[in-house]
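Below are some notes on the model, set out point by point. Please read them alongside the coordinates.

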Amino acid sequence: LESEALAKVETASSLQELQGVRVAYLGKKGPITEVLRGMGKLSAEERPVIGELANKVRGNIAAAIDEKKAGIEAEQLEKQLEEEQIDVTLPGRPVAVGGPHLLTSIVEEIEDLFIGLGFEIREGPEVETDYFNFEALNLPKGHPARDMQDSFYITEDLLLRTHTSPVQARTMNAMENKQPVKMICPGKVYRRDTDDATHSHQFTQIEGLYVDKNVRMSDLKGVLDRFAKHMFGEDREIRLRPSFFPFTEPSVEMDISCKMCNGKGCSVCKRTGWIEILGAGMVHPRVLEMAGYDPKVYSGFAFGMGPERIAMLKYGVDDIRHFYTNDLRFLKQYHKA
Ligand code: PHE
């Protein structure tokens, strides 16, 4: 029996097979258990002899099984190590890493500049009340200038904001004790326009507002000049042209000198050598008053610009829709290495 069992242990080639041998010979229904169970029927002389023999056989088989088991396990480990060998000299697989969207980069660049000039960043709701979007900005109901900004109305009193200027009114309104205000506010705005290369029903604006005692037009001009040079190069000049916005008086539009010529020509330049960048002006006394500021004590300037337009001019992007269609061939050009 013993040599038969040992032979089976020897030829077992897997842990499963080995377990089969263990059950067959040492299990509850195996021959050795049977022998030990039958001990009671034996005579007193036979009992110790048979008992000892059975235990010895069981011990030998168990030892052989354990030894074989260790052998098989070692072999399997060896095989596994062999198969799973890692070639550390293989080149790594490239990991696709994203980058900030061009529009995000431009907005952050502009934010950084204005933070450096002491402006805070503010935000306001995109679903705005008629009051803050128009009324508080000196645009009462029926005012013809409301037509300058075709609006998406939600109810009679709620609309998607058509510009970031309501954040001016909100910020001034929220100021306790009517402290000075120095903030910029980037955000999405909406207009009922037909999308084309230069128009989008949703786009971005950055509003700026500075209210304090003795804020003058020359302060506005100085800040805008710094902005233009920061974004487009120290050799740029700015020019302010008279314009109209209901919430500023006087109102201006700012042009920057246009020297954006490369090998292919000066495509983004107008023939005049100037290109329009943003709208601005001195905060209208009525706007200050409605927000609780005494226009005899306080004055301020405000400006509003479109970062898409800035990016288009800076990088020669020819279609505003590129910003929103997420074509990686476009976006990747502006990822910094
Ligand atoms: N809100 C104006 C627009 O959207 C821009 C602007 C802002 C003009 C602040 C003057 C002052 O056209």
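1. Helix α4 spans residues 46-83, and E75 is one of its residues. The model is a predicted one, so the points that follow describe computed features of that prediction.

2. E75 counts as exposed because its relative accessibility is 59%, and the cut-off for that class is over 50%. Together with E78, E82, E83 and E84, E75 forms a negative surface patch.

3. A second patch is nonpolar: V127, I154 and L158 make up about 230 Å² of surface. Of these residues, I154 sits in the loop between β3 (152-153) and β4 (158-160).

4. Is I154 buried, partly exposed or exposed? I154 has a relative accessible area of 48%, so it is classed as partly exposed; the class lies between the 20% and 50% limits.

5. Strand β8, residues 248-257, is mostly covered. Eight of the ten residues in β8 are buried, which means that they fall under 20% relative accessible area.

6. On one side of the pairing, β8 is joined to strand β7 (residues 238-245) by seven bridges, and the two run antiparallel. The connection from β7 to β8 is a hairpin of two residues. Within this pair, R241 stands opposite E253 of β8.

7. Strand β9 (residues 274-283) also pairs with β8, again in the antiparallel sense, over eight bridges. Here V252 is found opposite A280 of β9.

8. To recap the strand part, β8 has antiparallel pairings with β7 and with β9, and β8 is mostly covered.

Notes: Residues are numbered from 1 along each chain as its sequence is written. This is a predicted model: local features need pLDDT of at least 70, side-chain atom pairs count only at pLDDT 80 or more; totals for chains, interfaces and linings use all residues. Side-chain values use heavy atoms; hydrogens and water are left out. Patches are made of residues with over 30% relative accessible area and no salt bridge: like charges are joined within 9 Å, nonpolar side chains (Val, Leu, Ile, Met, Phe, Trp, Tyr) within 5 Å. Accessible areas come from the Shrake-Rupley method with a 1.4 Å probe; for residues, only the protein chains shown count as cover. A salt bridge is a side-chain nitrogen of Lys or Arg within 4 Å of a carboxyl oxygen of Asp or Glu. Lys and Arg count as positive and Asp and Glu as negative; His and the chain ends are not counted. The place of a charge is taken as NZ of Lys, CZ of Arg, CG of Asp or CD of Glu. Helices (H or I, at least four residues) and strands (E, at least two) are DSSP runs, numbered from the N terminus. Buried means under 20% relative accessible area, exposed over 50%, partly exposed in between (1.4 Å probe, protein chains only). Two strands pair if DSSP finds at least two bridges between them.
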